[in-house]
Amino acid sequence: QRLLEKGANTIATLPRNFKSLPSFDGTNRVNGTDFFNCLSACGLHIIKEDASLISRFIDKDGSNMLNFEEFLFALRGRPNEERQSIIDYVYSIFDKEHTGVADANEMKKVFNCQKHPKFTMGKLTESQMFYLYLKNFNHQVKNNVTKKEWDDYYAGLSLAIDNDSHFCSLLKNQFKLE
């Protein structure tokens, strides 16, 4: 609940943060110390007893390697069918060859930040807004977004929006699809 209170962006960027941890083994697992340090860095300071309960829940094999995909699923679940279908649809526009990798340059052509407060107040340009958007997927901004990164981000974002049609409308509007 405390992570959810931090906002959708915190949850949406957790996968990226976990992948940057020193003990990340390439299979979505990190050691317990790194795991809880990452949560602390997100503002979630967990007492030892709670950390132990979470560890037992996530570390099924007792290896002290925690699978953050299982943690994130327990935290946020999956978007419902309506939300996932719009997430998939928008992604497919940028992954025309169905390779699981979308071209960021194609996204930029239709990216819409016109209503974002930082843009409307003149604090950031469209290019700066798009750069920050891409950072949601990976610490090192690159010219593509994988389907996994896309799904993780929008599943986290989905948590903060109660209404299905509002979520779908926001995603469509973000890429000028309405």
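**Notes on the predicted model**

1. One cavity of 30 Å³ or more turns up in this structure, which is a predicted model. The largest cavity holds about 40 Å³ of space. Its lining is made by Leu134, Phe137, Asn138, Gln140, Val141, Lys142, Asn144, Val145 and Glu149. Sorted by class, four of the lining residues of the largest cavity are nonpolar, three are polar and two are charged.

2. A friendly word on the overall picture. The protein chain has 11 helices and four strands. Its C-alpha atoms fit in a box of roughly 50 × 35 × 30 Å along the principal axes. The radius of gyration is 17 Å, and this agrees with a compact globule, because a globule of 178 residues would come near 16 Å. Buried residues account for 40% of the 178 residues. Of the contacts with a separation of 6 or more, 61% join residues 24 or more positions apart.

3. Which residues touch the most other members of the largest nonpolar core? They are Met107, Tyr133, Phe137, Trp150, Tyr154 and Phe175, out of 26 residues in that core. At least two core residues come from each of α6 (81-94), α7, α9 (126-135), α10 (147-158) and α11 (164-174). The element that gives the most is α6, with five residues. Another core lies apart from this one and has 17 residues, including Leu14, Phe36, Leu44 and Phe71.

4. Tyr154 deserves a look on screen. Leaving out residues up to four places away in sequence, Tyr154 touches Ile87, Tyr133, Phe137, Phe167, Leu171, Gln174 and Phe175. Tyr133, Phe137 and Phe175 are, like Tyr154, among the residues that touch the most other members of the largest core. Phe137 also appears in the lining of the largest cavity.

5. Now for the largest pocket, whose volume is about 750 Å³. Its lining has 23 residues, and those nearest its centre are His116, Met129, Tyr133, Tyr153 and Gln174. Two or more lining residues come from each of α9, α10 and α11. Which element supplies the largest share of this lining? It is α11, with seven residues. The lining of the largest pocket divides into 12 nonpolar, nine polar and two charged residues.

6. Two residues tie the pocket to the contacts in point 4. Tyr133 lies among the residues nearest the centre of the largest pocket and is also touched by Tyr154. Gln174 is likewise one of the residues nearest the pocket centre, and Tyr154 touches Gln174 too.

7. Glu106 sits in helix α7 (residues 104-110). Is Glu106 buried or exposed? Glu106 counts as partly exposed, because its relative accessible area is 29%, and the class runs from 20% to 50%. Not counting residues up to four places away in sequence, Glu106 touches Phe94 and Lys96. Glu106 and Asn144 stand 38 residues apart along the sequence, with 9.3 Å between their C-alpha atoms. Asn144 is one of the residues that line the largest cavity.

8. Asp61 is found in the loop between α4 (48-58) and β2 (65-67). Asp61 is classed as exposed because its relative accessibility is 53%, and the cut-off for exposed is over 50%. Between the C-alpha atoms of Asp61 and Asn138 there are 29 Å, with 77 residues separating the two along the chain. Asn138 belongs to the lining of the largest cavity.

9. Please check the backbone at His98. His98 is not a glycine, yet its phi is positive, at about 55°. The residue lies in the loop between α6 and β3 (101-103). With 64% relative accessibility, His98 counts as exposed.

10. Lys176 also merits a glance. Lys176 has a positive phi of about 55°, although it is not a glycine. Where does Lys176 lie? Its place is in the segment after α11. Lys176 is partly exposed, because its relative accessible area is 46%.

Technical notes: Residues numbered from 1 in each chain as written. Predicted model: local features only at pLDDT ≥ 70, side-chain atom pairs only at ≥ 80, totals over all residues. Heavy atoms only, no water. Buried < 20%, exposed > 50% of the residue type's maximum accessible area, 1.4 Å probe, protein only. Contact = heavy atoms within 4.5 Å. Core = buried A, V, L, I, M, F, W, Y, C linked by side-chain atoms within 4.5 Å. 1 Å grid on protein atoms, 1.4 Å probe; cavity = no way out; pocket = protein on both sides within 12 Å on 5 of 7 lines; lining within 4 Å. Points joined across faces, edges and corners; volume = space filled by probe spheres on them. Nonpolar A, V, L, I, M, F, W, Y, C, P; charged D, E, K, R; others polar. Rg over C-alpha atoms; globule rule 2.2 N^0.38 Å.
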